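The following exercises are meant for a reader who is meeting this structure for the first time. Please work through each task before turning to its solution.

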Amino acid sequence: MRELTTIKSMAISDRESKTISCIRTTAMLFIVLCHYMQALGYSVLGQLFTVGVPMFFMISGFLYGQKNVYSNGGICNWYKNRIVKIVLPIYIYYLLTGIIMMFLKNIGEIRIVEVICQLLNLQGFVKSGIGNIETGPLWFITFILICYLITPLLQKLRERISVKKIFCIIGVLYCIEIIFIIMVKPFGSIINLVGVVNYIFAYYIGAFWNKRLTVKVYVLLSAVMAISIGLRLIFKEIADMSGGVAEEIYSKVIAGYSLTALALWIFFTIYKLCNIFNKCLDEIYPIVSYLDKKSFYVYIVHYAFLVGKLSVMNITDNIVLNTLIFILCTYIYASIIQWIYKKIFKLILNL
C-alpha cells in the first residue's frame, strides 16, 4: 500500500485551473438559482440547485489537496490569508448593508449576542442575524473556516498513513455524521458537518489525483449518482406517506447525501467535458474567469435582493423585469464589495 513520506505542492496545470474555474462558476450559479427558485415558490427546483453547496466544499478540498500549506510563508501565513479572504468580505457586507438599512430607517433590532455570533462566524452553529441584514446563506462560512482550520492536520495525516486507511477513516466520519444528525435532536438540523466531511473526501481525492479520469471510473460515478437520486425519490415518497422517523431520515440524511453524490458527479462531468472540448473552454474562459472572480462576492450579497427588506422581487408586477433588476443589483453590490476588499487587502499586505 502506498505510503507518503514527503509532501510537495503538485502544480495545477493551466488547463486544470481553467476547469476548476468552470466548476466554481457553475456552483455559484446553482446557489443563486437555488435561492431564486425558492423566492419564486419553486421549492423542488430550489432543492435540486442546492447541489452548488457541496460542490463548493469539494472544489476547495480538491485544490488544497494538491498544495503544501507549509510553503510560502508557513502555516501562520496560510491561516492569515485564508481567514482574511473569507472573513473580510463578510465584514464589509455587514457594514455596508447596515449603513444602507440605517439610511432606510429599517435596520431592525440589533442584539449584541447575535452580532458577536456573526462576527465570530458562528452562524453555522447558532441561528442568528444582525437586525434586518440578511445572513441566510452565510452559515456556509462557519464550516469552510473549520475546513481551513483542519487542513494542516489533513496534510500531516497524508504524510503518515496509507491511502486505504485514509479513506476508511473518511467512511467512518460519514457514518458518525449520519448518526449524529439523527440522534442529537436539539442540534441535528443546525450542526450538519457533511460539508466538512465532503471537504476531507475531496482533499484526498486531490492529494492522490493522477490527472486521469478513466471511462470505468466515470461510469461507476454515474451509477452511484443515479442510484442515490433514485433512493432519494423513493424515500421521499415513503417520508411523505409515513412521516415521523422516515421523514427525519429523509430530510437529514438521504437528501443531503444524494446531493453529495450528485455534486461529485457534476464535478467530474465538467472536468471530463473540459478535457474533451478544450478549444471551447479556451473560447469561453474569459467570461468564466470574470464570473469566477466575482463568485464569492455574489454568493455573499445575492440573497439580500431575493428576500427581506432589500428584496427587489416584487418591485414591479413583471417577473422578468424584477429578475433583471435582481441581477443588476447583485452584480453592482458584489463589485462594490470586491473593490473595497481589494483596497483593504492591499493595506493589510503593506502593514
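## Exercise 1: Phe296 and Asp282

Helix α11 (residues 278-301) contains Phe296. The model is a predicted one, in which local features need pLDDT of at least 70 and side-chain atom pairs count only at pLDDT 80 or more, while totals for chains, interfaces and linings use all residues. Residues are numbered from 1 along each chain as its sequence is written, and side-chain values use heavy atoms, with hydrogens and water left out.

**Task.** Determine whether Phe296 is buried or exposed, and state which residues Phe296 is in contact with.

**Solution.** Step 1: helices (H or I, at least four residues) and strands (E, at least two) are DSSP runs, numbered from the N terminus. Step 2: buried means under 20% relative accessible area, exposed over 50%, and partly exposed in between (1.4 Å probe, protein chains only). Step 3: Phe296 has a relative accessible area of 19% and is therefore buried. Step 4: contact means heavy atoms within 4.5 Å. Leaving aside neighbours within four places in sequence, Phe296 is in contact with Lys85, Ile86, Pro89, Ile90 and Ile141.

**Task.** Classify Asp282, which is also found in helix α11, and locate Arg15 relative to Asp282.

**Solution.** Step 1: the relative accessible area of Asp282 is 34%, so Asp282 is partly exposed. Step 2: Asp282 and Arg15 are 267 residues apart along the chain, and their C-alpha atoms are separated by 8.9 Å. Step 3: with neighbours within four places in sequence left aside, Asp282 is in contact with Arg15 and Lys18.

## Exercise 2: Met55

**Task.** Find the helix that holds Met55, and describe the surroundings of Met55.

**Solution.** Step 1: Met55 is found in helix α3 (residues 52-64). Step 2: Met55 counts as buried because its relative accessibility is 0%. Step 3: neighbours within four places in sequence aside, Met55 is in contact with Ile23, Thr26, Ala27, Phe30, Ala263 and Ile266. Step 4: one of these, Ile266, is 211 residues from Met55 in sequence and 8.2 Å from Met55 in space, C-alpha to C-alpha.

## Exercise 3: Thr135

**Task.** Place Thr135 between its flanking helices, and list the contacts of Thr135.

**Solution.** Step 1: Thr135 is in the loop between α5 (112-119) and α6 (139-160). Step 2: at 10% relative accessibility, Thr135 is counted as buried. Step 3: Tyr94, Gln118, Ser128 and Gly129 are in contact with Thr135, leaving aside neighbours within four places in sequence.

## Exercise 4: Helix α8 and Tyr204

**Task.** Compare the reach of α8 with its expected span, and state how many residues of α8 are buried.

**Solution.** Step 1: the expected span of a helix is 1.5 Å times one less than its number of residues. Step 2: helix α8 (residues 194-207) has 14 residues and reaches 20 Å from its first C-alpha to its last, close to the 20 Å expected. Step 3: α8 is mostly covered, with 14 of its 14 residues buried. Step 4: not counting residues up to four places away in sequence, Tyr204 touches Leu154, Leu157, Arg158, Ile166, Phe167 and Ile170.

## Exercise 5: The loop residue Tyr42

**Task.** Which loop holds Tyr42, and is Tyr42 buried or partly exposed?

**Solution.** Step 1: Tyr42 lies in the loop between α1 (14-40) and α2. Step 2: Tyr42 has 49% relative accessibility and so counts as partly exposed.
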